[in-house]
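Subject: Structure for you to look at

Hello,

Here is the structure I promised, together with its sequence. Please open it first, then read the notes below.

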Amino acid sequence: MLSNFTSLPENLLNNFISRPNHYPLRRLFWKGWYNLFAANYSNIKITFINYGYADVEPNTKQLELNPSEEEERYCLQLYHHVAKAISLQELDVIEVGCGRGGGSSYIMRYLQPKTMTGVDFSKSNIAFCQKAHSVPQLNFQLGDAESLPFNDCSFDVVVNVESSHCYGSPESFFAESFRILRPNGYFLFTDFRPKKDIKKTTISLKNTGFKILKSEIITPNILKAMDLENDRKLKTINQYIPKYLHIVANWFAGCQGTPMYEAFKTGDQEYLCYVLQK
């Protein structure tokens with residue numbers, strides 16, 4: 001099915017990838033892509049799917065990682081930037097849109113919550129996570145971000161990293177996050193939006209009931225990571241992904257020269273990061 005997307009006009013394909021809610025079938029496209037990727041390319045040793053984060057200030061102390069994690073440093077640093085905003089120790093944390101599980105694993109191992117739950121709408125992603133990440137008090141399960149399979153007030157913290165642009169209704173996801181959080185719980189949220197939609201996103205979060213404790217635009221950090229990651233991404237795509245999917249894979253990965261990369265450079269797209277509280 002996804003091979004047909006390579007024949008779409010370039011501006012239409014770019015809109016599928018970069019512009020939230022412009023297409024009613026957008027959610028099905030992403031679900032199909034993630035299932036295809038996870039089911040057919042499990043041999044690719046990547047556990048993160050995000051654009052990454054790099055410090056732009058010189059002489060910033062580098063995050064200490066295990067040698068086995070160095071290859072995905074910048075993707076991991078995005079999770080660190082988002083999740084370190086509050087202390088997670090002894091809290092029940094959920095990541096909605098956990099992808100291949102590297103972020104949930106990092107949070108559990110490094111930031112020491114009481115429990116960590118990763119949820120994703122792709123069966124293949126969850127199967128990969130359950131096989132790849134064996135960490136005490138970390139579990140993964142299938143779930144829809146817009147209708148989460150948990151009782152009210154089940155978690156202390158909701159984490160969502162570069163995932164909500166895939167949802168049919170981010171507003172429904174915000175409401176679900178608010179519902180499953182305990183009183184005074186935290187929502188740690190980061191994703192990209194067209195510049196003209198930033199105000200709308202902020203208003204939606206406020207209308208849901210969240211208090212905005214911190215908001216920032218981290219686009220320069222994302223762009224720097226995209227530059228530093230470019231060679232690794234191209235190598236992975238060329239080595240593992242069939243040629244007929246290279247266009248989709250390059251755009252999805254935000255490689256240099258793709259419309260998504262250029263949109264970040266021009267400011268048409270901005271990368272947002274929020275710390276919110278119920």
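Phenylalanine 48 touches Glu72, Cys75, Leu76, Tyr79, Gly102 and Gly103, leaving out residues up to four places away in sequence. Bear in mind that this is a predicted model. Phenylalanine 48 is found in the loop between α2 and α3. Its relative accessibility is 8%, under the 20% cut-off, so phenylalanine 48 counts as buried. One of its contacts is Cys75. The two residues are 27 apart along the chain, and their C-alpha atoms are separated by 6.2 Å.

Now the overall picture. The protein has 278 residues, and 57% of them count as buried. There are 10 helices and 7 strands. Take the contacts with a separation of 6 or more: residues 24 or more positions apart account for 74% of them.

Helix α4

Two of the residues that phenylalanine 48 touches, Gly102 and Gly103, are among the buried residues of α4. The others in that list are Ser104, Ser105, Tyr106, Ile107, Met108 and Leu111. In total, 8 of the 10 residues of α4 are buried, so the helix is largely enclosed by the rest of the structure. What do the buried residues of α4 pack against? They pack against α3 (73–83), β1, β2, β3 (138–142) and β4.

Glutamine 112 follows α4. It is found in the loop between α4 and β2. Glutamine 112 is not a glycine, yet its phi is positive, about 55°. It is partly exposed, with a relative accessible area of 44%.

Asparagine 59 also deserves a look. Its phi is near 65°, a positive value in a residue other than glycine. Asparagine 59 is in the loop between α2 and α3. Is it buried or exposed? Asparagine 59 is exposed, with a relative accessible area of 82%.

The nonpolar cores

In soluble globular proteins, nonpolar side chains tend to be buried together. Here the largest nonpolar core holds 40 residues. Tyr51, Leu78, Leu88, Ile107, Ile222, Phe264 and Tyr271 touch the most other members. Which helix gives the most to this core? That is α3, with 6 residues. Isoleucine 222 is in contact with Tyr51, Gly52, Tyr53, Leu78 and Tyr271, leaving aside its neighbours within four places in sequence.

A second, separate core has 22 residues. It includes Tyr167, Phe173, Phe187 and Phe189.

Helix α6 and leucine 205

Phe173 is also one of the buried residues of helix α6, which spans residues 170–180. The full set is Pro170, Phe173, Phe174, Glu176, Ser177 and Ile180. Seen down the axis of α6, these buried residues fall within an arc of 165°, so they line one face of the helix. Their cover includes β1, β4 (155–161), β5 (181–194) and α7 (198–208).

Leucine 205 is in helix α7. It is buried, with a relative accessible area of 0%. Leucine 205 touches Phe174, Phe187, Phe189, Phe210, Tyr274 and Leu276, not counting residues up to four places away in sequence. Its C-alpha atom is separated by 7.8 Å from that of glutamate 171, which is 34 residues away along the chain.

Cavities

Rolling a probe the size of a water molecule over the atoms shows where empty space is left. How many cavities of 30 Å³ or more does a search of the whole structure find? It finds 2. The second largest contains about 240 Å³ of space. The elements that give two or more residues to its lining are α2 (26–40), β1 (92–96), α4 (102–111) and β2 (115–120). In total, 27 residues line the second largest cavity. Gly97, Cys98, Gly99, Asp120 and Ser163 lie nearest its centre. The lining divides into 12 nonpolar, 8 polar and 7 charged residues.

If you want somewhere to begin, go to α4. That helix is largely enclosed, as 8 of its 10 residues are buried. It also gives two or more residues to the lining of the second largest cavity. From there, move on to leucine 205 in α7 and its contacts, including Phe174 and Phe187.

Best wishes

Key. Residues numbered from 1 in each chain as written. Predicted model: local features only at pLDDT ≥ 70, side-chain atom pairs only at ≥ 80, totals over all residues. Heavy atoms only, no water. 1 Å grid on protein atoms, 1.4 Å probe; cavity = no way out; pocket = protein on both sides within 12 Å on 5 of 7 lines; lining within 4 Å. Points joined across faces, edges and corners; volume = space filled by probe spheres on them. Helix = DSSP H or I, 4+ residues; strand = E, 2+ residues; numbered from the N terminus. Nonpolar A, V, L, I, M, F, W, Y, C, P; charged D, E, K, R; others polar. Buried < 20%, exposed > 50% of the residue type's maximum accessible area, 1.4 Å probe, protein only. Arc of directions from axis to C-beta. Contact = heavy atoms within 4.5 Å. Core = buried A, V, L, I, M, F, W, Y, C linked by side-chain atoms within 4.5 Å.
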